[in-house]
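Here is a colleague's note to read alongside the model, written as a set of numbered points. Please keep the structure open and find each residue as it is named.

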Amino acid sequence: MTPTEGPSPTGGDAGPAPQPGSGAEPVAEGWSADEEAAAGEGAVEDASGEDLPAGGRRGDTVAAVVRQWQAVHPGLDTGPMEIIGRINRCAALLQQAEDAPLRRAGLSRPEFDLLGALRRTGHELTPGDLARETFSSGAAVTKRLKQLTERGLVERRGDTRDRRVVHLRLTDAGRDLVDAILPVQLAYETAVLSGVDGPEQGELAALLGELLGQLEGRLGVLRA
């Protein structure tokens, strides 16, 4: 995972706020204490008649939301909600979680993504390049670059042909910091995913990759 304030993985700026009823809202905002307790403690029955933990087969809150919508609109196809709602819910929870290795280094996830982009591409990038690489807005990149430059992690170089263009690269300190943090951060993320078996992680990564590829190619059309 390397994305930023967005959903990221490779994340960027946070996307639109979760829609009510999608199951994506953080507990503190989308659920009362009574609703959360009911979702976590009750039991439901699957098609075979067997009792399951509230939240459905996996005991998650999106399943409870889906059941509520099905009770209100029995004929409604909630299949898309069961996928997108869970993706949004996971993203919301991951955004709330603190990245301990980055916090110890005094970096936010978006700042680390900028440093990581400069490190993995291996060459100078412009602010526009970094915005595209990290799925962030130009204004957000400019603000983060100012902070990283002041810390001596990134340095700027003016373009010899166009003064309006700025080229950015890591300093030695910035490169050393990224190389030191990355293995620790990956170990931290491995622990976050420890509840999912290795083969299932591979399958999940493949499915998410397929979905992401389709959305990256079609999202503009869907929004039109």
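**Notes on the predicted model**

1. A good place to begin is the outer side of one helix: on the face of α8 that is turned away from its buried side, you will find the exposed residues Ala139, Lys143 and Glu150. Please keep in mind throughout that this is a predicted model.

2. The opposite side of the helix deserves the same attention, and here the buried residues of α8 are Ala140, Val141, Arg144, Leu145 and Leu148. Seen down the axis of α8, these buried residues fall within an arc of 125°, so they line one face of the helix. An α-helix has 3.6 residues a turn, so residues three or four places apart point the same way. As for what covers the buried residues of α8, the elements include α6 (109–121), α7 (127–134), β3 (154–158) and β4 (166–170).

3. The dimensions of this helix can be checked as well: α8 covers residues 138–150, which is 13 residues, and spans 18 Å from its first C-alpha to its last, close to the 18 Å expected at 1.5 Å a residue. Just after α8 comes Gly152, which takes a positive phi of about 80°.

4. Which residue forms a salt bridge with Glu150? The partner is Lys146, and the closest N and O atoms of the two are 2.6 Å apart. Glu150 and Lys146 are four residues apart in helix α8, and are therefore separated by about one helical turn. Glu150 counts as exposed at 58% relative accessibility, while Lys146, with a relative accessible area of 49%, is partly exposed. Elsewhere, salt bridges that share partners join Glu124, Glu155, Arg157 and Arg169 into one network.

5. A second pair to examine lies in helix α7, where the side chains of Asp129 and Arg132 meet in a salt bridge, at 2.7 Å from N to O. Because Asp129 and Arg132 are three residues apart in helix α7, about one helical turn separates them. With a relative accessible area of 23%, Asp129 is partly exposed, whereas Arg132 is exposed, its relative accessible area being 60%.

6. A third pair connects two helices, since the side chains of Arg120 and Glu133 meet in a salt bridge of 3.1 Å, N to O. This pair links distant parts of the chain, with Arg120 in helix α6 and Glu133 in helix α7, 13 residues apart. Arg120 is exposed, with a relative accessible area of 52%, and Glu133 counts as partly exposed at 29% relative accessibility. Side chains of opposite charge can pair when their charged atoms come close. A search of the whole structure finds eleven salt bridges.

7. The loop between α7 and α8 is the place of Phe135, and a careful reader should look at its backbone, as Phe135 has a positive phi of about 55° although it is not a glycine. Most residues other than glycine have a negative phi, and most peptide bonds are trans. Phe135 is partly exposed, with a relative accessible area of 46%.

8. Is Gln185, which is found in helix α9 (residues 172–192), buried or exposed? At 2% relative accessibility, Gln185 counts as buried, because the cut-off for buried is under 20% relative accessible area. Leaving aside residues up to four places away in sequence, Gln185 touches Asp99, Pro101, Leu102 and Arg109.

9. On the surface, please locate a nonpolar patch of about 560 Å², made by Ile83, Ile84, Ile87, Leu204, Leu208, Leu211 and Leu215. Two helices, α4 (79–96) and α10 (198–223), each supply at least two residues of this patch, and α10 gives the most, with four residues. Ile84, one of the patch residues, has its place in helix α4.

10. Finally, the whole chain can be placed around these details: there are ten helices and four strands, and from the N terminus on the elements run α-α-β-β-α-α-α-α-α-α-β-β-α-α. Of the 224 residues in the chain, buried residues make up 31%. The chain exposes about 14,000 Å², and carbon and sulfur atoms supply 56% of that area.

How values were computed. Residues numbered from 1 in each chain as written. Predicted model: local features only at pLDDT ≥ 70, side-chain atom pairs only at ≥ 80, totals over all residues. Heavy atoms only, no water. Patch = residues over 30% accessible without salt bridge, like charges linked within 9 Å, V, L, I, M, F, W, Y side chains within 5 Å. Areas by Shrake-Rupley, 256 points an atom, 1.4 Å probe, with all protein chains shown as cover. Salt bridge = Lys/Arg side-chain N within 4 Å of Asp/Glu carboxyl O. Expected span 1.5 Å × (residues − 1). Buried < 20%, exposed > 50% of the residue type's maximum accessible area, 1.4 Å probe, protein only. Arc of directions from axis to C-beta. Contact = heavy atoms within 4.5 Å.
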